[in-house]
Every structure is written in structure tokens, then in C-alpha cells.
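Q: I am new to this structure and would like a close look at a single part of it. Please take me through the salt bridges and the residues around them, explaining each term as you go.

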Amino acid sequence: MTYLNYTELQLRSAIADDCASLAQLAKSAHSHPWSEAQYQQSLSAGHYCWVLIQGDDIIACCVISSLFDQAEILDIAVSPVRRRQGLAEALLNSVKTELPSEIERVLLEVRVSNLAARSLYRKLGFSEDGIRKNYYPAQNGMREDAVLMSLALNDTQS
């Protein structure tokens, strides 16, 4: 991969045997993580799922669905002990190069409170397009808004 210059890391497509590890990663990385069954369902549905491996450990993942010329990031997770090392940026840049050539736009939702992720997405060229009210479950039975973001690939993908 062009963007992953870490010699000890490998980017590959996830397989069914990875789903338990993906659920563990999600549990460590998210307040409302995906389950092993959700990763299995995503793979069965034909979603793209990439994992970033160090040694025998999955340290990051990205799950994307696609329809016609658009792709949507459904899940991205980086192990908390590996954050702030540029892995999410490298993972997303590498994933962009792996998407089919017909994909022209990437969409995502992110918690309004997740300022680090929003900053990363803006750095990667995503624009903030709107708000989806009360989208995410939050603490104490509350709900949190999602920021809708998109990235046009026609100028960034060869």
C-alpha cells in the first residue's frame, strides 16, 4: 500500500475468522461497539472490510458499503493504545486506493462530540454536509447528533 510505510503493518481484507477480533477491537474503541455477529453480517452482505495487522493482532479496521458510485464508511476503529500514531489517516488513505474505480463519493456519519475524528476527516478532504439529529445512542439513554460528511474522489483517485 502506498500510504502504509510501517514495515511491521499489513493491510488486508477481513475474513470471517477475524470477526471475534474485530468485535474485541470495537469494544475497546467505541462506546457502542459492533458485535461479532454484526461484523459477520457485514462480510456476508458483501461490504468491504479491511484490517490493519501488526504481528497477529488486528489494530485497526474499516468497513465500507457501496451502492453504484457511492461508498459509505460504516465502521472505523483503531486500537486505543495505537491512537495518535497516524494509523487512521494511513488506513483511510490506503482504503481509498482500494475502492473500485466507479466509486466517486465517500460518505460517513460521525458523532458531533468526536472532534478528533472530525478534524482527521476534514484533513483528508471530507466536507461537513449537515447534521442528523439524535442519530447515535449516548450515555444515560440520551441521544447524540451525527455530522454528515462526504468526500468527492474524482480528483483524488486515479
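A: What follows is a walk through the salt bridges, beginning with one glutamate and its surroundings. This is a predicted model, in which local features need pLDDT of at least 70 and side-chain atom pairs count only at pLDDT 80 or more, while totals for chains, interfaces and linings use all residues. Residues are numbered from 1 along each chain as its sequence is written, and side-chain values use heavy atoms, with hydrogens and water left out.

Glutamate 109 is found in strand 5, which spans residues 105–111; helices (H or I, at least four residues) and strands (E, at least two) are DSSP runs, numbered from the N terminus. With a relative accessible area of 18%, glutamate 109 is buried, a word that here means under 20% relative accessible area, whereas exposed means over 50% and partly exposed lies in between (1.4 Å probe, protein chains only). Apart from its neighbours within four places in sequence, glutamate 109 is in contact with Glu72, Arg132, Tyr135, Tyr136, Ala146, Val147 and Leu148, where contact means heavy atoms within 4.5 Å.

Two of these partners can be described further. The side chain of glutamate 109 makes a polar contact of 2.9 Å with the side chain of arginine 132, and another, of 3.4 Å, with the side chain of tyrosine 135. A polar contact is a pair of N or O atoms within 3.5 Å; within protein, one must be able to donate a hydrogen and the other to accept it, and residues adjacent in sequence count only if both atoms are side-chain atoms.

Side chains of opposite charge can pair when their charged atoms come close. The structure holds eight salt bridges, a salt bridge being a side-chain nitrogen of Lys or Arg within 4 Å of a carboxyl oxygen of Asp or Glu. In one of them the side chains of arginine 132 and glutamate 109 meet, at 2.9 Å from N to O. That pair links distant parts of the chain, with arginine 132 in strand 6 (residues 127–137) and glutamate 109 in strand 5, 23 residues apart. Arginine 132 is partly exposed, its relative accessible area being 34%, whereas glutamate 109 is buried.

Strand 5 also takes part in a salt bridge between arginine 111 and glutamate 144, whose closest N and O atoms are 2.9 Å apart. Because glutamate 144 lies in strand 7 (residues 143–152) and arginine 111 in strand 5, this pair ties together parts that are 33 residues apart in sequence. Both glutamate 144 and arginine 111 are buried.

A further salt bridge joins aspartate 145 to lysine 133, with 3.6 Å between the closest N and O atoms. Aspartate 145 lies in strand 7 and lysine 133 in strand 6, so the pair ties together parts that are 12 residues apart in sequence. Lysine 133 is exposed, with a relative accessible area of 60%. The side chain of aspartate 145 also has a polar atom 2.8 Å from the backbone nitrogen of asparagine 134. Leaving aside neighbours within four places in sequence, the residues in contact with aspartate 145 include Val110, Arg111, Val112, Arg132 and Tyr135.

Finally, salt bridges also link Arg118, Arg122 and Glu128 in a network.
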